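Work through the exercises below with the model open. Try each task before reading its solution.

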Amino acid sequence: MYTMSMLKLGPLILIVNLFFSISAIAESKYAEKTKDIIRGELRKFIFSEGTVMLSNPLVLDANGDIVEIGYKEDILIINFWATWCAPCKKEMPSLNSLAQNMKHEGIRIITIASGRNSKEAIDAFFDVNNLINLKKYRDPKGRIAVKYGVTALPTTVVIDPMGIEIGRVIGDIDWDTTDVRLFFKKLLKTK
């Protein structure tokens with residue numbers, strides 16, 4: 001026999017079960033293909049559930065010219081950072097190593113200094129840290145960061161060749177690990 005309190009819980013249980021069923025269906029193809037290697041710092045990777053195409057970023061290049069970063073046949077990794085951000089600076093050398101190790105794999109890595117970052121400060125940081133494998137761009141007014149929903153620095157957004165976000169990491173991680181390289185190789189096979 002059901003009590004009144006049990007009957008009241010029925011719809012709640014149904015809603016909870018429905019939510020978890022939809023969440024399981026909504027899991028991206030990328031999450032499914034890489035779940036066996038999500039460990040360590042990769043646990044910070046947040047898979048996107050949406051299929052909305054992101055706009056091509058309009059940024060300033062090293063010469064101060066406006067350029068559009070298009071999506072190509074590769075996976076695009078955009079790292080939003082700032083010269084004053086200690087965690088950003090901490091992770092940048094490992095991101096540079098990832099770019100070196102994956103340069104022939106169909107992965108493009110760019111950095112966008114978001115907000116007030118002088119060209120001179122960016123250049124000096126790249127020179128001091130020998131960041132020769134990363135493309136550097138600026139978004140002085142933070143417009144691209146806002147469009148991409150960046151709420152903290154660093155944030156790294158991973159985008160598929162169709163311009164759809166695969167997922168993101170909020171905060172710094174060590175990008176120079178075997179697991180991270182394997183993760184991106186699996187993403188490439190899934191695209």
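**Exercise 1. Describe the salt bridge of Lys90 with Asp172, and place both residues.**

Solution. Lys90 pairs with Asp172 in a salt bridge, with the closest N and O atoms 3.2 Å apart. The term requires a side-chain nitrogen of Lys or Arg within 4 Å of a carboxyl oxygen of Asp or Glu. The pair links distant parts of the chain, 82 residues apart: Lys90 sits in helix α3, Asp172 in the loop between β8 (165-170) and α6 (178-190). Helices (H or I, at least four residues) and strands (E, at least two) are DSSP runs, numbered from the N terminus. Next, check accessibility: buried means under 20% relative accessible area, exposed over 50%, partly exposed in between (1.4 Å probe, protein chains only). Lys90 has 63%, so it is exposed. Asp172 has 16%, so it is buried.

The model is predicted: local features need pLDDT of at least 70, side-chain atom pairs count only at pLDDT 80 or more, and totals for chains, interfaces and linings use all residues. Residues are numbered from 1 along each chain as its sequence is written, and side-chain values use heavy atoms, leaving out hydrogens and water.

**Exercise 2. Find which residues of α4 are buried, and what covers them.**

Solution. Start with the buried set: Ile122, Asp123, Phe125 and Phe126. They lie on the same side of α4, because their arc around the axis is only 160° (taken from the directions from the helix axis to the C-beta atoms). The face turned away from this side carries the exposed residues Glu120, Asp127 and Val128. Now look at the cover: it includes β4, α3 (86-101), β5 (107-114) and β6, with contact meaning heavy atoms within 4.5 Å.

**Exercise 3. Trace the salt bridges of Asp123.**

Solution. Asp123 meets Lys119 in a salt bridge at 2.7 Å, N to O. The two are four residues apart in helix α4, so about one helical turn separates them. Asp123 is buried at 19%, while Lys119 is partly exposed at 31%. Then extend the search: Lys119, Asp123 and Lys136 are linked in a network of salt bridges.

**Exercise 4. Which backbone features mark Asn130 and Pro154?**

Solution. Recall the background first: most residues other than glycine have a negative phi, and most peptide bonds are trans. Asn130 is not a glycine, yet its phi is positive, about 50°. Asn130 lies in the loop between α4 (119-128) and β6 (135-139). The peptide bond from Leu153 to Pro154 is cis, with omega near -5°. Pro154 is in the loop between α5 (143-147) and β7 (155-159).
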